[in-house]
Amino acid sequence: MSNAILAHRLLGGASAIILATLSLAAAAETRAAPAEPAAPAAAPAADDPQKIAEGSDIIVTATRANEIAPVTAALTTTQPQSIISRSFIEDSLPATSDFNQIALIGPSVSGYGNANGPGLSESKAQIRGFQDGEFNITYDGVPFGDTNDPTHHSNTFFPSNTIETLIVDRGPGNASQLGQATFGGNINLFSRATREDAGIELKGSYGSWNTWLLRGVAQSGAIKQLGGAEIVLSAQHIKSDGARTYSGFSSTNVFGKIMIPIGPDAKLTILGTYNENSFNQPDKDGATLAQVALYGKYFSLNNDPNSQSYYGYNYTHKTTDFEVVKFEANIAPNSVLENRAYTYSYDNETLSGSDVTLFATADAATIAKANLVKLTSGSSATTVGVPGYTKTNKYRVYGDIAKTRIDFGFGTITAGAWIEWTHTYRQQRDVNLLTGAPNYAEKAADLTLAPPGTAATPANIKFDQNSSGNHTEEFVELELRPIAGLKITPGFKHVDFNRRIDAAYNQTTRFPQRLSNTYTANLPFATVNYAVNDKLAVYAQYARGFLAPPLSVLYVASPTFSTVQPERSTNYQAGVVYHGGNLSIDADVYKIDFTNKFATDPLAPASEGVVYINQGSVQYKGIEGQITYAFGHGLAVFANGSRNYAKTNNAGTAHQQVSNAPEFTAAGGLLYKHGPIRFSLIDKYTGRQWFVDGDDNYRSNGYNSAILSARYDIGPVRIGVEVNNLFDSRAVTNINKGKTVPFDQYFYQTGRSFTGDITLTF
């Protein structure tokens with residue numbers, strides 16, 4: 001039976017299977033030992049019924065299973081979700097983990113990267129096969145991402161010490177879910193919470209690759225002199241030699257947040273975080289098979305100053321900051337107003353070898369030819385050197401999100417708007433890495449399509465570009481409650497998105513250009529949630545999605561020939577959630593039609609330069625589920641999994657699984673938390689996937705990543721140990737295709753690693 005037919009049959013009967021499974025599970029739990037009385041609903045910050053949710057509803061019934069489950073879902077959810085708590089982050093993952101590794105425990109979430117060790121290099125996540133940049137990531141309800149396209153840097157803004165809760169929403173959310181990529185899903189990060197009780201936590205860890213971490217978290221508790229204001233402060237420093245050769249990494253983060261009550265009906269929250277990363281890594285990373293054969297899977301850089309792979313020539317320094325001021329108030333009976341103003345910045349300064357794949361890849365004569373530089377502009381004369389480049393990518397983003405919610409008895413209406421401005425500067429210049437002098441290596445720019453009178457572009461400048469953007473979204477949602485337990489929520493969102501380039505030397509064309517594009521969309525949404533009883537709920541969702549083209553569609557000589565339109569999606573999904581005393585289970589089915597995929601036109605005449613078009617579509621569908629059973633006395637088992645179909649739907653290339661989209665995922669494990677002991681053994685399996693659409697030469701048959709974690713409390717001291725990648729899997733996790741096969745770059749799982757830590761709380 002073909003995969004397409006199998007997927008169709010699975011989806012066709014999945015609803016009946018899910019409901020039957022829930023019925024059997026409920027019956028089994030009834031026969032099990034009675035549950036201990038549940039505590040009142042454990043309430044993260046969104047438990048107030050008058051509060052406007054920040055992208056996700058995170059009210060979770062405090063059953064025994066949910067208190068220990070690594071992932072769960074809310075009974076009030078309107079889409080498939082995985083809620084991951086601070087206790088799981090703290091007890092079961094390396095302290096250096098980035099947010100993608102946290103999210104990885106959920107079904108349908110896969111990833112690659114972290115090739116230098118957990119959190120020691122950037123990683124990318126996928127949700128149901130949607131790639132980074134095709135789903136939103138938010139922090140306290142604020143969408144963030146790069147300004148050329150909405151991709152993300154996993155270890156640059158928010159290390160794990162800044163995250164209280166992480167929620168993966170496998171769907172676009174309601175109309176109030178904001179972001180540029182409103183169709184592939186959402187990873188919602190929530191900042192560390194302030195507490196009513198004062199306390200200090202100090203943590204130190206040391207492990208493989210000479211990796212050490214120091215962290216401090218301080219809670220002020222409620223300060224009576226400030227009307228009950230609460231403050232949380234955190235600082236963290238990481239330093240490591242890295243798993244790969246000559247790939248040192250260091251990171252420093254500081255975080256602060258204050259919650260200030262303003263009378264009985266309002267409060268102000270101010271948050272800020274600053275992060276600084278420095279590391280040795282080629283700008284275009286990965287090892288060729290020839291390099292792997294000579295130096296092993298973890299080759300990256302060397303100590304030869306005459307090589308482009310010399311670690312001193314491959315260095316990046318990144319700084320970021322992120323600030324939010326949020327005001328919340330009950331402005332009238334049953335009416336809530338919320339406004340958050342924010343700004344964040346990113347500054348990437350990179351020095352890199354021009355092509356690190358040459359080292360140990362070609363013969364000596366080819367390498368010698370590649371290591372020639374031009375010291376004067378317009379000259380054909382070359383001299384021996386080491387070609388490389390400097391790169392800058394820096395941006396500042398400003399925005400404001402306003403929402404209001406009015407409850408009128410049998411329903412509520414929520415409306416609001418988001419406005420954002422971005423300013424970006426990017427440049428790349430060729431240099432001789434031996435001396436730092438310009439290397440005039442670029443070909444002469446084709447000025448036939450440039451503005452009249454344009455001067456010749458200096459041959460050491462690849463691009464020098466300013467860009468900016470304006471983004472506005474207005475939305476409205478109407479939640480209707482016609483009968484007890486039923487919520488029907490239609491919604492509508494309008495999007496306006498403008499990009500502009502003002503470049504002295506535009507990327508790709510390398511001549512001056514001032515270009516602009518504006519994209520709009522009208523997006524309807526509708527969700528239903530029905531609470532069958534206080535333990536069982538069913539939901540369904542319909543939503544339209546939108547993704548604006550990247551800035552690169554303006555890197556063209558003749559923009560009038562680029563007819564690219566925004567990518568679009570139509571989402572359908574339905575599921576069930578059950579929370580019993582000992583059992584937590586949820587499951588869903590989904591189908592997403594995705595059109596207008598971006599591509600370059602291979603048939604465009606050379607005189608028109610690069611031309612972007614919409615070419616083809618992809619269909620996503622699948623079944624997902626997660627379950628936790630608590631036996632009592634702190635012992636629980638969990639499992640989750642997904643069967644994911646993400647295939648092209650184009651003439652001539654139909655039914656090719658898209659790249660970096662595993663056919664299935666599975667996770668499971670054992671957790672024990674009782675008295676002074678915390679223990680977990682979890683394993684995530686990522687199924688077969690392709691790294692180039694439909695090409696079996698670029699395929700992985702799947703791999704697992706298991707983590708064993710154990711901790712023991714001795715009074716205020718907690719001693720812990722972790723074994724990451726317990727079974728020492730070293731499978732290929734990604735392949736970047738090169739200009740020819742010998743220049744393909746491979747990435748592998750880092751081998752088994754060990755970490756010990758001590759935490760002091762007082």
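Does Tyr-298 count as buried or exposed, and at what relative accessibility? In this predicted model, Tyr-298 counts as buried because its relative accessibility is 15%, and buried means under 20%.

**Figure 1. Surroundings of Tyr-298 in the predicted model.** Tyr-298 is placed in the loop between α5 (289-295) and β13 (315-332). Apart from residues up to four places away in sequence, Tyr-298 touches Ala-243, Arg-244 and Thr-245, together with Arg-730, Tyr-748, Gln-749, Thr-750 and Gly-751. With one of these residues, Gln-749, the side chain of Tyr-298 makes a contact to the backbone oxygen at 2.6 Å. The C-alpha atoms of Tyr-298 and Ala-115 are 8.1 Å apart, although their positions lie 183 residues apart in sequence as the separation is counted.

**Figure 2. Asn-644 and its polar partners.** Strand β28 (residues 635-648) contains Asn-644. This residue has a relative accessibility of 2% and therefore counts as buried. Two polar contacts involve its side chain: one with the side chain of Ser-108 at 2.8 Å, and one with the side chain of Tyr-590 at 2.8 Å. With residues up to four places away in sequence set aside, Asn-644 touches Ser-108, Arg-128, Tyr-590, Lys-621, Glu-624, Gln-657, Pro-662, Glu-663, Phe-664 and Thr-665. Gly-129 is 515 residues from Asn-644 along the chain, yet the C-alpha atoms of the two are separated by 7.7 Å.

**Figure 3. Salt bridge between Asp-355 and Lys-739.** The closest N and O atoms of this pair are 3.1 Å apart. Asp-355 belongs to the loop between β14 (335-353) and α6 (364-370), and Lys-739 to the loop between β35 (732-736) and β36 (745-748), so the salt bridge ties together parts that are 384 residues apart in sequence. Lys-739 counts as exposed, since its relative accessibility is 61%. The model contains 35 salt bridges, counted by the rule applied here.

**Figure 4. Further salt bridges, including Lys-591 with Asp-593 and Asp-713 with Arg-718.** The side chains of Lys-591 and Asp-593 come together with an N to O distance of 2.8 Å. Lys-591 is partly exposed, with a relative accessible area of 30%. Asp-593 also counts as partly exposed, at 25% relative accessibility. In the salt bridge of Asp-713 with Arg-718, the closest N and O atoms are 2.6 Å apart. Arg-718 has a relative accessibility of 21% and counts as partly exposed. Elsewhere, Arg-86, Glu-90, Lys-203, Arg-215, Arg-711, Glu-722 and Asp-757 are joined into one network by salt bridges that share partners.

**Figure 5. Nonpolar surface patch that includes Phe-492.** Ile-406, Phe-408, Phe-410, Ile-413, Val-476 and Phe-492 make a nonpolar patch of about 490 Å² on the surface. Phe-492 lies in strand β20 (residues 486-505). At 37% relative accessibility, this phenylalanine counts as partly exposed. For the protein chain as a whole, the exposed area is about 29,400 Å², and carbon and sulfur atoms supply 60% of it.

**Figure 6. Contact of Ser-208 with Phe-754.** Ser-208 occupies the loop between β8 (199-207) and β9 (211-219). A polar atom of its side chain lies 2.8 Å from the backbone nitrogen of Phe-754. When neighbours within four places in sequence are left aside, Ser-208 is in contact with Ser-753 and Phe-754.

**Figure 7. Antiparallel pairing of β22 with β21 and β23.** Strand β21 (residues 513-531) pairs with strand β22 (residues 536-547) in the antiparallel sense over seven bridges. A hairpin of four residues joins β21 to β22. In this pairing, Ala-526 stands opposite Tyr-542 in β22. Strand β22 also pairs with strand β23 (residues 567-579), again in the antiparallel sense, over 12 bridges. Here Ala-537 stands opposite Val-577 in β23.

**Figure 8. The protein chain that frames these views.** The chain has six helices and 37 strands. Of its 762 residues, 56% count as buried. Among contacts between residues at least 6 apart in sequence, 69% join residues at least 24 apart.

Conventions: Residues are numbered from 1 along each chain as its sequence is written. This is a predicted model: local features need pLDDT of at least 70, side-chain atom pairs count only at pLDDT 80 or more; totals for chains, interfaces and linings use all residues. Side-chain values use heavy atoms; hydrogens and water are left out. Helices (H or I, at least four residues) and strands (E, at least two) are DSSP runs, numbered from the N terminus. Buried means under 20% relative accessible area, exposed over 50%, partly exposed in between (1.4 Å probe, protein chains only). Contact means heavy atoms within 4.5 Å. A polar contact is a pair of N or O atoms within 3.5 Å; within protein, one must be able to donate a hydrogen and the other to accept it, and residues adjacent in sequence count only if both atoms are side-chain atoms. A salt bridge is a side-chain nitrogen of Lys or Arg within 4 Å of a carboxyl oxygen of Asp or Glu. Patches are made of residues with over 30% relative accessible area and no salt bridge: like charges are joined within 9 Å, nonpolar side chains (Val, Leu, Ile, Met, Phe, Trp, Tyr) within 5 Å. Accessible areas come from the Shrake-Rupley method with a 1.4 Å probe; for residues, only the protein chains shown count as cover. Two strands pair if DSSP finds at least two bridges between them.
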